[in-house]
Amino acid sequence: MSWLPIAMLAVPLVGAAVLLLPGFAGRTPRRYGLAVSGVTLVLAVGLAATFDYGHAARIQFETDLSWIPGLALRFHLGVDGVSLPLIVLTALLTFLCFVLLAGRPPRRPRALVFTLLVLETGMIGTFLALDLLLFFVFFEVVLVPMYFVIAVWGGPGRRAAAVKFILYTLLGSAVMLLGLLVVWAQAGTLDMVALAHGHTIARSAQIVAFLAIGLGLAVKAPMWPLHTWLPDAHTEAPTVGSVLLAGVLLKMGTYGFARIAIPILPEGAAALAPWLGAFGVIGIVYGSLACLAQRDLKRMIAYSSVGHMGFVLLGFATLTPVGVNAALFGNVAHGLITGLLFFIAGAVKDRYGTADMTRLGGGMLSRLPYIGSLLTFACVASLGLPGLAGFWGEMLALFGAFRPAAELSRPLFLVFMVIGGVGTVLTAAYFLRMLSRVTHGSPVVPEGPPVTSAEEVREVLGGEGPVEPVATGTVVAAVAAVAAPGAPGVPGLGGLGEPPERRDVTAYELAAWVPLVVLILIFGLWPKALLAITTPAVQAILRGVGA
Amino acid sequence: MIQSIDYVAIGAPLALALAAGLVLLLDVFRPRRTPGPLGLVTLAGVVVAGGFVAAQALGGGERRTFCTGGAGCSFVVDGFTLVLSGLVLGAGVVVVLLSMTELAERRIPPGEWYFLLLCALTGAVLLPAARDLATLVVALELVSLPVFALTALKRYDGRASEAALKLFLVSVISTAVTLFGVSLLYGLTGTLYLEPLSAALSGAAASGAASVAVVLVLAGFAFKVAAVPFHFWAGDVYQGAPVPVAALLSVVSKAAGFAGLILILTVGLPGQAALWAPVVAVVAALTMTAGNVLALRQRAALRLLAWSSVAQSGYILAPLAVIGGSARDASVAYLVIYAVMNLGAFAVVMTVSRTAARGELDDYRGLAFGRPGAAVALAFFLLCLAGLPPGLAGLFAKVVVFRQIVEGGLGWLAVVMAVNTVIGLYYYIAWTARLFTPAPAPPARVSAPVPAALAVGIAVLVTLAFSVAPQLVLAVVG
């Protein structure tokens with residue numbers, strides 16, 4: 001039994017429970033979430049520091065306790081090369097979200113901190129669990145907190161988006177549960193380690209189970225055509241919600257493929273891998289084309305996630321060490337890059353009151369040089385420029401498709417590779433188009449209503465109007481911050497059509513973003529840092545394939 | 001013929017029956033008509049009965065009484081009996097606590113109320129111990145008849161009278177149908193005892209009459225558990241009846257119905273499983289779907305709970321469709337966990353209904369700001385019913401049922417249930433979200449009456465215990 005993983009679950013959970021104490025009622029625990037998630041991050045770093053990299057394929061920090069004998073459910077936690085990067089990523093992104101919130105206290109801060117801490121428990125638990133049912137439980141833990149993050153702190157269409165999110169993902173996880181139970185009924189154990197080391201599940205049962213589990217994971221990942229919940233959820237969610245949704249929650253789906261679906265059901269995986277690859281490739285192209293058609297910055301980034309997850313799924317579908325490595329790398333890289341993109345998009349939305357690209361009106365690099373250049377950096381990383389983290393996941397996935405596992409049809413995967421290659425070009429196209437519209441050009445405010453929207457004005461005037469408040473606290477803070485230094489009156493009320501002064505990046509934002517920038521650079525320039533951890537584990541995952 | 005009666009075995013129903021008599025007497029001789037003491041006497045009766053059950057559980061072993069020669073015994077106390085009796089009595093405590101709040105308004109005569117309540121509980125405790133068809137039917141009627149009267153006791157409310165009449169008519173018909181089936185079974189086999197019945201039926205080839213009898217008996221019990229196509233009464237009755245009676249109907253009465261159904265199917269008719277299992281599967285699928293779909297459009301809290309409890313009946317029925325194995329245990333495990341979380345939801349609705357007389361879902365808007373305790377408790381129970389963390393008790397209960405169905409090879413039923421879980425989540429989460437949505441006019445901060453608050457507290461604690469350690473239930477049931 002190892003205390004580190006348990007502590008990583010206990011710290012956020014206890015931290016959330018403490019918030020329920022009546023002593024916190026009415027008081028804003030401004031730095032509280034920062035402290036709790038900071039402790040969790042320190043534990044995660046400690047985990048990474050004491051991890052035995054010589055045996056990355058082995059489960060380390062193992063805890064195996066009996067929880068519910070009647071369901072054969074064991075409290076089995078552990079870390080290996082597949083889960084370690086994701087655990088650290090989760091702890092980091094959550095911490096950075098709290099850094100951002102410390103700079104701009106949200107509406108109902110106590111509730112938001114509570115929700116985010118519960119969310120963190122669920123996310124970390126999903127990556128730690130080594131028991132199928134325990135994995136399922138943690139997988140479900142994130143649903144309700146994320147629902148509330150979207151439904152309470154989201155944008156105007158938040159109610160519908162939140163409901164869509166939770167119903168869609170619950171349907172997926174219910175189907176996944178059926179698949180897990182099929183595995184259990186056939187193999188008689190729920191232990192992932194034991195299952196991965198060999199069992200006797202008939203091929204037909206493996207295919208059924210892979211189909212059910214894969215569907216559940218594909219909704220979460222999301223895989224085309226099961227992605228339709230994602231754009232709404234991302235667009236309506238507040239910044240921290242979008243960051244965690246894209247940075248961590250999507251990874252839970254792809255992680256499930258690496259942890260459960262492929263190692264436990266190798267024959268099922270081999271049978272269905274062509275479909276997985278096909279849907280992944282369609283997702284790449286579809287996501288890119290959808291991005292080209294978007295006007296909303298956040299919505300565009302959401303669709304870009306569909307494309308990037310397509311590469312991850314393609315990597316898994318190849319069933320080769322290269323491909324699965326690519327998928328795991330792409331997972332982490334996407335978490336970092338898209339996390340950063342959503343952070344910046346949130347900052348842009350705070351300042352302009354809209355994320356509509358035509359309303360943003362170009363020239364961001366001259367008006368907000370720091371934010372503009374960081375946005376450029378994140379986009380360039382996301383489109384897969386060599387030297388940045390986004391490149392390796394895509395490149396290796398295509399490389400994996402070039403030489404798929406022996407039992408897969410090579411011509412088919414060559415077609416996938418070509419289509420995926422077209423997808424990378426399209427990805428570059430929509431990001432560059434967006435950059436040219438938003439960051440470049442001259443700062444001209446387009447025709448139409450002023451950028452400071454009616455809602456924002458109402459917010460500033462302090463009235464509890466009938467209009468649903470858009471991220472109230474942050475907008476008020478932002479607008480007040482702009483209005484305070486010398487600007488007479490309220491922007492958007494006085495000088496119609498005249499672009500108001502906007503504050504460039506704040507210290508808190510910079511603190512939240514810089515770690516991501518640094519990591520994107522490190523993993524881009526030195527991919528081996530990550531690949532060295534995952535490679536041994538990947539070989540263990542693929543032991544059953546082709547055997 | 002002189003029979004020796006094992007008074008320890010029948011201790012629990014006896015204690016309840018004596019308490020019922022005592023309440024009636026006290027009501028007559030009381031100088032002032034205050035409801036308080038009667039409630040305490042009732043509570044004491046339920047607790048004493050619970051003590052008998054606990055003692056028998058600790059003592060272990062099986063007790064049989066009212067035996068006739070070699071034919072069999074009418075009253076058997078085994079593990080199944082103890083679990084369901086314990087469930088009924090635990091629910092009884094909560095219902096009595098809710099009644100104290102309801103009766104505090106002094107519009108309902110307390111003596112009659114508590115007498116009828118204790119009668120219903122007596123029947124519900126008797127029923128899981130019954131091992132012959134006559135005792136089963138009598139016990140079932142002992143549960144049902146007082147409930148009509150309890151529903152109608154809210155004489156000043158027209159909806160209550162309508163609800164009582166509806167319930168009465170539906171129930172009488174179902175009893176008649178059951179009795180017809182029972183008489184056919186008796187005619188075919190010449191015995192009323194369940195075990196000999198099973199032996200007699202398994203010897204003979206399945207005849208048409210036996211099939212008709214099985215289906216008729218099933219239909220009768222389907223009324224009691226509000227299964228499709230006999231579910232129409234639920235909405236009106238739950239809304240019309242006083243809240244404690246609705247809680248009684250949804251938990252005690254339903255548990256009794258399931259106890260009878262399970263006993264008849266698994267003890268009396270195991271040989272006919274090939275006949276009734278597919279029927280049960282289809283009924284389960286239809287029941288959960290109908291309940292969930294009807295619940296989607298409800299605006300009133302009690303109506304929503306009514307249809308949700310119909311849907312939950314479907315989940316409880318589903319494992320029974322699996323032939324053999326430990327299907328019965330899965331049903332009972334779900335029933336126990338369902339009982340706790342559902343009672344909790346009713347208890348919160350009871351405390352809220354005092355300030356929001358209409359009982360619409362919109363009245364719950366912003367509850368978290370005025371009464372955070374009640375809101376958090378209700379959110380917890382609703383998520384339990386939905387089967388989502390943090391409501392782990394409900395999640396594990398669903399996993400138990402899913403496992404049974406998947407292992408039994410009923411893939412289609414598992415998929416139907418999975419879809420239903422999603423439909424169910426829609427209305428549970430919509431209600432939960434209302435609790436935390438700021439209301440235009442925040443509800444006044446009122447403190448809940450002590451008994452109802454106690455009931456909520458008990459339900460929260462037990463549900464939490466089941467969430468952390470579902471093994472508590474699974475070990476007792478299995």
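**Exercise 1. A glycine at the start of a helix**

Find the helix of chain B that holds B:Gly11, and work out whether this residue is buried or exposed in the predicted model.

*Solution.* Start with the location: B:Gly11 sits in helix α1 of chain B, which covers residues 11–29. Next, count the neighbours. There are 20 other C-beta atoms within 10 Å of B:Gly11. The cut-off for buried is 20 or more, so B:Gly11 is buried. Finally, look along the chain: B:Gly50 is 39 residues away in sequence, and its C-alpha atom is 9.5 Å from that of B:Gly11.

**Exercise 2. How far to trust each chain**

Before going on, check what confidence the predictor assigns to the two chains and to the complex.

*Solution.* Take chain B to begin with: its mean pLDDT is 87, and 96% of its residues reach 70 or more. For chain A, the average is 84, with 88% of the residues scoring at least 70. Now go down to the elements of chain A. Helix α5 (residues 132–141) has the highest mean pLDDT, 92, while helix α20 (residues 454–461) has the lowest, 44. In residues 448–498 of chain A the pLDDT is below 50, yet this stretch has 72 contacts in the model beyond near neighbours in sequence. For the complex, the predictor gives an ipTM of 0.89 and a pTM of 0.89.

**Exercise 3. Chain A in outline**

Sum up the make-up of chain A: its secondary structure, its buried share and the reach of its contacts.

*Solution.* Count the elements and you get 23 helices and two strands. Then look at burial: of the 547 residues in chain A, 62% are buried. As for reach, take the contacts in chain A with a separation of 6 or more; 79% of them join residues 24 or more positions apart.

**Exercise 4. A valine inside chain A**

Place A:Val281 in its helix and list what it touches.

*Solution.* A:Val281 belongs to helix α12 of chain A, residues 266–292. It has 26 C-beta neighbours inside 10 Å, so it counts as buried. Set aside the neighbours within four places in sequence, and A:Val281 is in contact with A:Gly310, A:Leu314, A:Phe416, A:Ile419 and A:Gly420. For a distance to try in the viewer, pick A:Val312: it lies 31 residues from A:Val281 along the chain, with 9.8 Å between their C-alpha atoms.

**Exercise 5. Three helix pairs**

For each pair below, work out how the helices are arranged and who makes the contact.

*Solution, α11(A) and α14(A).* Helix α11 (residues 239–264) and helix α14 (residues 321–352) of chain A pack at about 170°, and their axes are 7 Å apart. That angle makes α11(A) roughly antiparallel to α14(A). On the α11(A) side the contact includes A:Thr239, A:Ala246 and A:Lys251, and on the α14(A) side it includes A:Leu328, A:Phe342 and A:Phe343. Sorted by class, this contact has nine nonpolar, nine polar and one charged residues.

*Solution, α8(B) and α10(B).* In chain B, helix α8 (residues 208–224) packs with helix α10 (residues 243–268) at about 160°, with 8 Å between the axes. The two are therefore roughly antiparallel, and their crossing is left-handed. From α8(B), B:Val217, B:Phe221 and B:Lys224 meet B:Ser253, B:Gly257, B:Gly260, B:Leu261 and B:Ile264 of α10(B). That splits into four nonpolar, three polar and one charged.

*Solution, α15(B) and α18(B).* Here the axes of helix α15 (residues 372–386) and helix α18 (residues 450–468) of chain B come within 11 Å and cross at roughly 45°. So α15(B) is oblique to α18(B). The crossing is left-handed. B:Ala377, B:Phe380, B:Phe381 and B:Cys384 in α15(B) meet B:Val456, B:Val460 and B:Thr463 in α18(B). By class, that is six nonpolar, one polar and no charged.

**Exercise 6. Where the chains meet**

Describe the side of chain B that touches chain A.

*Solution.* First the head count: 26 residues of chain B are in contact with 25 residues of chain A. On the chain B side, α16 (392–407), α17 (411–436) and α19 (471–477) each supply at least two residues. Then sort that side by class: 21 nonpolar, three polar and two charged residues.

How values were computed. Residues are numbered from 1 along each chain as its sequence is written. Chains are lettered from A and ligands numbered from 1 in the order in which they are written. This is a predicted model: local features need pLDDT of at least 70, side-chain atom pairs count only at pLDDT 80 or more; totals for chains, interfaces and linings use all residues. Axes are lines fitted to C-alpha atoms, for helices over the stretch in contact, and angles run from 0 to 180 degrees between N-to-C directions. Helices (H or I, at least four residues) and strands (E, at least two) are DSSP runs, numbered from the N terminus. Angles under 35 degrees count as roughly parallel, over 145 as roughly antiparallel, 65 to 115 as roughly perpendicular and the rest as oblique. Two residues are in contact if their C-beta atoms, placed from the backbone, lie within 7 Å. Ala, Val, Leu, Ile, Met, Phe, Trp, Tyr, Cys and Pro count as nonpolar, Asp, Glu, Lys and Arg as charged, and the others, Gly among them, as polar. pLDDT is the predictor's confidence in each residue, from 0 to 100. A residue is buried if 20 or more other C-beta atoms lie within 10 Å of its own, exposed if 12 or fewer, and partly exposed in between; C-beta atoms are placed from the backbone. A crossing is left-handed if the near helix is turned anticlockwise from the far one by less than a right angle, and right-handed if clockwise.
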